[in-house]
Amino acid sequence: MRVRAYRFRAYSSKTTAGVLKTQLEAACKLYNTLLHAEQEEYEENKHTMNKTELRQLALDLRKQNQEFQVLHSQVAQQVAERFYQARERFLEGLANKPKNKKPHRYLSLVYPQSGWRLSNTRDVGQGKSKKRKARLYLSKIGFFTLILHREFPENQVSQVCVKLNPSGRIHVIFLVEESESQELSSKEPKNAVGVDLGIARLATLSDGRFLDNPKPHERSLDRIRVLQRTLSRKKFLSKNWFKAKRRLAKQHEHLKDFRRDLFFKLGALLAGEYDVLVLEDLNVQGLIQKSETKKRRRMRLYDSSFSELRAVLEWQFRKRGKLVLPVPSYNTSRECFRCGGINQSLTLEDRVFHCAHCGFTLDRDLNASLVLLKRAGWVPPAAPAVELRPIPPLPSLGLGRQGGAMRQEAPAFRRGSSLFVT
Ligand SMILES: [Zn+2]
């Protein structure tokens with residue numbers, strides 16, 4: 001079984017949004033109370049509370065404290081679950097020690113099997129503005145209207161998570177357990193594509209096509225930088241700080257939506273044409289660290305873009321039962337794909353690769369993507385594409401409508417952890 005997340009935009013009345021906010025504050029306080037109680041218990045009795053004990057403690061605290069009674073009992077237990085997961089990750093050495101959470105960073109509540117109800121699924125509007133809506137009732141919070149932009153198996157939902165984004169937008173995420181359908185397709189893979197990720201061109205394919213770093217992406221990054229600076233000048237937790245914070249959050253969300261949309265379309269395009277995806281083994285770090293310090297901060301913004309692009313591409317291939325081959329990335333841009341010679345003098349600024357050994361000249365990124373293909377055991381074309389071709393604006397692929405509220409499904413989440421995006 002694997003868990004898949006379906007995320008939908010949700011709308012509510014102001015009152016309901018207010019209730020949600022109050023509950024998030026209560027949940028945050030409960031989390032912090034649990035944290036302290038657990039620490040005390042450990043210090044006094046050297047006893048590490050297990051999951052059941054923590055859940056029971058959450059219920060007891062809820063019983064004793066008026067403030068926590070606004071929470072549905074199962075939601076309160078999920079707060080304990082969340083703390084438990086955080087502590088486990090710490091004990092496994094995967095994360096820092098759980099700390100007090102700040103209310104403005106505690107943004108989601110989880111309902112397990114009960115405490116919620118989906119009803120009144122209906123089609124509204126006509127033609128292009130046609131939408132599918134549904135009503136979601138969350139016990140102790142109220143009603144939300146969901147825009148169901150895609151089908152999902154309602155009767156297999158194992159958890160519902162409601163998230164109040166820093167921008168004020170609300171999303172509802174349904175976790176669905178689906179049986180594994182990931183057997184590799186029995187067909188012999190026929191063709192492979194190597195993908196080189198970069199900053200000037202987001203992706204360069206071994207067939208000579210490339211995806212430019214789109215202008216809106218750049219502009220959004222610029223705006224984020226400006227807003228970040230504005231925020232840093234405001235007094236921490238002041239009214240203006242929250243205002244600036246919200247504006248920044250909106251821009252971040254906008255960027256995320258834009259990016260996801262683009263990446264999913266690219267992934268669908270490639271997975272439709274190729275049987276095997278060859279990527280460099282996660283090491284964009286190298287590229288980023290080698291760049292001069294002046295540009296560092298900007299590069300760091302790209303960091304998450306790269307890992308997301310990788311994740312989406314990989315996921316699109318795996319979903320279709322196709323192969324993903326990560327290969328070592330060492331020296332990919334310095335190696336000649338034809339003779340294997342190394343061009344040590346190549347710098348980040350050189351856009352063209354020239355081989356001193358065999359005299360071969362090719363676009364730097366295209367050469368790198370061909371080297372990847374070779375390292376994965378595929379024979380690159382004897383005469384690679386010399387002309388680079390841009391991938392046409394992706395919406396024309398007709399793979400999905402554009403717009404922030406439109407979302408593709410997310411790659412499967414690790415249950416109970418990554419959902420809590422703070
Ligand atoms: Zn060469």
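What follows is a walk through the helices and sheets of this predicted model.

Start with the overall make-up. The chain contains 8 helices and 15 strands. Of its 422 residues, 31% are buried. Contacts across the sequence are a big part of the picture: taking those between residues at least 6 apart in sequence, 65% join residues at least 24 apart.

Two sheets are described here, beginning with the one that includes β1. This open sheet has 7 strands, running in the order β2-β6-β7-β1-β5-β4-β3, and its pairing is antiparallel. At its edges stand β2 (108–111) and β3 (116–124); each has a single partner strand, so one side of each has no neighbour in the sheet. From one strand to the next, the twist averages 30 degrees. Within this sheet, β1 (residues 2–11) and β5 (residues 142–147) run antiparallel and are joined by 3 bridges. One residue to look for on β1 is Y11, whose bridge partner in β5 is T145.

The other sheet is built around a different set of strands. It is open too, with 6 strands in the order β12-β11-β8-β9-β10-β15, and here the pairing is mixed. Its edge strands are β12 (323–327) and β15 (389–390), each with a single partner, so each has one side left without a neighbour in the sheet. Helix α8 (residues 364–375) packs on this sheet, where it touches β8, β9 (201–205), β11 and β12. The direction of α8 makes about 130 degrees with that of β8.

Strand β8 deserves a closer look. On one side, β8 (residues 192–197) runs parallel to β11 (residues 276–280), and 4 bridges join the two. V193 has L277 as its bridge partner in β11, and V195 stands opposite L279 in that strand. With β9, on the other hand, β8 pairs in the antiparallel sense, over 3 bridges. V195 turns up again in this pairing, standing opposite L205 in β9. Strands β8 and β9 make a hairpin, with 3 residues between them.

How many residues of β8 are buried? The count is 6 of the 6, so the strand is largely enclosed by the rest of the structure. Both of its faces are covered: A192, G194 and D196 are buried on one side, and V193, V195 and L197 are buried on the other. V195 thus combines a buried position with a place opposite L279 of β11 and L205 of β9.

Turning to the helices, two packed helices are described by the angle between their axes and the distance between the axes. Helix α2 (residues 51–64) packs against helix α3 (residues 73–91) at an angle of about 135 degrees, with the axes 8 Å apart. That angle makes α2 oblique to α3. The crossing of this pair is right-handed. On the α2 side, the contact is made by K51, L54, R55, L57, A58, L59 and R62. From α3 come S73, A76, Q77, V79, A80, E81, F83 and Y84. Sorted by class, the contact of α2 with α3 has 9 nonpolar, 2 polar and 4 charged residues.

Helices α4 and α5 give another packed pair. The axes of α4 (residues 215–233) and α5 (residues 239–273) come within 9 Å and cross at roughly 165 degrees. The two helices are therefore roughly antiparallel to each other. The crossing of α4 and α5 is left-handed. In α4, the contact residues are P216, H217, S220, R223, I224, L227, Q228, T230 and L231. They meet W241, A244, K245, R247, L248, Q251, H252, H254, L255, F258 and R259 in α5. By class, this contact has 9 nonpolar, 7 polar and 4 charged residues.

One last residue is worth finding in the model. K29 sits in helix α1 (residues 14–45). It has 18 C-beta neighbours inside 10 Å, so K29 counts as partly exposed. Although K29 and F68 are 39 residues apart along the chain, their C-alpha atoms are separated by 8.4 Å.

Key. Residues are numbered from 1 along each chain as its sequence is written. This is a predicted model: local features need pLDDT of at least 70, side-chain atom pairs count only at pLDDT 80 or more; totals for chains, interfaces and linings use all residues. Axes are lines fitted to C-alpha atoms, for helices over the stretch in contact, and angles run from 0 to 180 degrees between N-to-C directions. Angles under 35 degrees count as roughly parallel, over 145 as roughly antiparallel, 65 to 115 as roughly perpendicular and the rest as oblique. A crossing is left-handed if the near helix is turned anticlockwise from the far one by less than a right angle, and right-handed if clockwise. Two residues are in contact if their C-beta atoms, placed from the backbone, lie within 7 Å. Ala, Val, Leu, Ile, Met, Phe, Trp, Tyr, Cys and Pro count as nonpolar, Asp, Glu, Lys and Arg as charged, and the others, Gly among them, as polar. A residue is buried if 20 or more other C-beta atoms lie within 10 Å of its own, exposed if 12 or fewer, and partly exposed in between; C-beta atoms are placed from the backbone. Two strands pair if DSSP finds at least two bridges between them.
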